[in-house]
Amino acid sequence: MQTPRSERRQFIFGALGAAALATGSTRLFAQEWPTRPITFICPWPAGGTADQSMRALCTVAARVLGQAIAVENRAGASGMIGAKALASAKADGYTIGQIPISVTRFSQVGTLAADPRKDFTYIARTSGQTFGIAVPAGSPYKTLQELVAAAKAKPGQVTYAHAGVGGATHVGMEEFAMAAGVQFNHVPYKGGAEALQGVLGGHVDALADSSSWAPHVEAGKLRLLATWGEQRTPRFKDVPTLKELGYNVVVDAPNGIGAPKGMDPAILAKLRDAFRQAVASPEFKAVTDRIDAPVMYLDGPDYEKYVNAVYQKETVLIDKLKLRELMKG
């Protein structure tokens with residue numbers, strides 16, 4: 001006959017045994033991971049510059065991990081549909097994706113129902129983007145100064161295409177407009193590819209985008225007036241930056257790789273290593289060179305610090321540009 005004390009002892013030993021079994025099972029899961037293909041959420045349309053760079057990274061990372069990585073494009077809402085899907089996924093390592101740095105902005109204006117400071121696991125910052133302002137070859141605006149002069153003479157009448165309200169191209173152009181003391185009329189599209197077609201088709205005066213304009217500038221169909229980086233882009237050395245032209249505006253919007261919050265540290269370590277190798281690969285360099293994307297690698301912990309710093313900067317910028325009002329309009 002068991003006494004109450006012996007029953008309690010059996011319960012405690014049983015609970016400890018179950019906990020040990022669960023811990024061992026979790027550890028074994030992490031050691032064996034991945035045992036099946038991984039889904040990578042790209043929050044942009046297929047074929048764009050971000051999609052191209054993410055696919056190159058996934059090809060190399062898949063080789064390192066020994067499992068396929070299937071890229072799933074979930075475009076819309078300036079990248080926030082994909083970002084929300086990533087934040088809401090199961091944190092088992094089988095769903096990862098690109099985190100646009102604009103999550104720091106959209107989470108504060110209410111477009112993204114997630115907090116980048118606590119709802120993501122950060123794996124790596126990968127590369128930035130080369131943004132610029134381009135006009136059709138037949139445009140009357142030969143220089144950025146002429147575009148600015150026209151906007152001053154006709155407030156709100158000079159139009160520009162961009163990849164979505166509140167995104168890097170929209171906010172960057174509005175920040176430039178504020179620095180220049182002018183007012184443009186922004187025309188939002190669903191992505192950079194559609195914005196490019198809007199300009200090539202003559203529907204808008206100018207394009208604010210990452211380097212989707214590059215091949216068309218080289219082909220003589222578009223004229224590049226300025227780029228937005230700290231330095232001139234190597235492929236277009238004759239084109240000045242906004243800073244060179246007297247506007248203290250720099251936009252490079254680095255892309256990063258992340259996952260849902262709560263991932264097992266052992267799985268995270270494998271992903272960090274895989275994408276560290278992917279960023280350093282010749283395959284990735286070939287793509288970044290082709291799309292003029294500067295490599296801006298940061299490992300997961302430093303990338304998380306960077307995101308938190310940008311979040312604070314965006315808090316100021318949102319108020320400065322009255323972005324909440326712009327997005328409501």
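This section describes a five-stranded sheet, the helix packed across it, two cysteines and several residues with unusual backbone geometry in a predicted model.

Residues are numbered from 1 along each chain as its sequence is written, and side-chain values use heavy atoms, with hydrogens and water left out. In this predicted model, local features need pLDDT of at least 70 and side-chain atom pairs count only at pLDDT 80 or more, whereas totals for chains, interfaces and linings use all residues.

Helices (H or I, at least four residues) and strands (E, at least two) are DSSP runs numbered from the N terminus. Two strands are taken to pair if DSSP finds at least two bridges between them. On this basis, 5 strands form an open sheet of mixed pairing, in the order β7-β6-β8-β5-β9. Its edge strands, each pairing on one side only, are β7 (185-188) and β9 (222-227). From one strand to the next the twist averages 30°; axes are lines fitted to C-alpha atoms, for helices over the stretch in contact, and angles run from 0 to 180 degrees between N-to-C directions.

Strand β6 (159-162) runs parallel to β7, to which 4 bridges join it, and T159 has N185 of β7 as its bridge partner. Strands β6 and β8 are also parallel, joined by 2 bridges; here A161 is partnered by L207 of β8. L207 is also the bridge partner of A134, in the antiparallel pairing of β5 (residues 132-136) with β8 (residues 206-209), which extends over 3 bridges. In a regular strand the side chains alternate between the two faces of the sheet. Both faces of β6 are covered, with T159 and A161 buried on one side and Y160 and H162 buried on the other. Buried here means under 20% relative accessible area, exposed over 50%, and partly exposed in between (1.4 Å probe, protein chains only).

Helix α6 (residues 168-180) lies across β5, β6, β7 and β8 and runs at about 150° to β6, contact being defined as heavy atoms within 4.5 Å. Together β6, α6 and β7 make a right-handed β-α-β unit; a crossover is right-handed if, with the strands pointing away from the viewer, the path from the first strand over the helix to the second runs clockwise. The end C-alpha atoms of α6 are 18 Å apart, in agreement with the 18 Å expected for its 13 residues (1.5 Å times one less than the number of residues). The helix is mostly covered, 10 of its 13 residues being buried; among them are H170, M173, E174, E175 and F176. G181, which follows α6, has a positive phi near 75°.

A disulfide is a pair of cysteine sulfur atoms within 2.5 Å, and the count by this rule is 0. C42 is in no disulfide. The sulfur of C58 is 8.5 Å from the closest cysteine sulfur, that of C42, and is therefore too far away for a bond. C42 is buried at 0% relative accessibility, and C58 is buried at 2%.

Most residues other than glycine have a negative phi, and most peptide bonds are trans. The peptide bond from W33 to P34 is cis, with omega near 0°, and P34 lies in the loop between α1 (4-32) and β1 (38-42). A253, although not a glycine, has a positive phi of about 40°. This residue is placed in the loop between β9 and β10 (255-260) and is buried, with a relative accessible area of 10%. K322 has a positive phi near 50°; it lies in the loop between α11 (300-320) and α12 (323-328) and is exposed at 56% relative accessibility.
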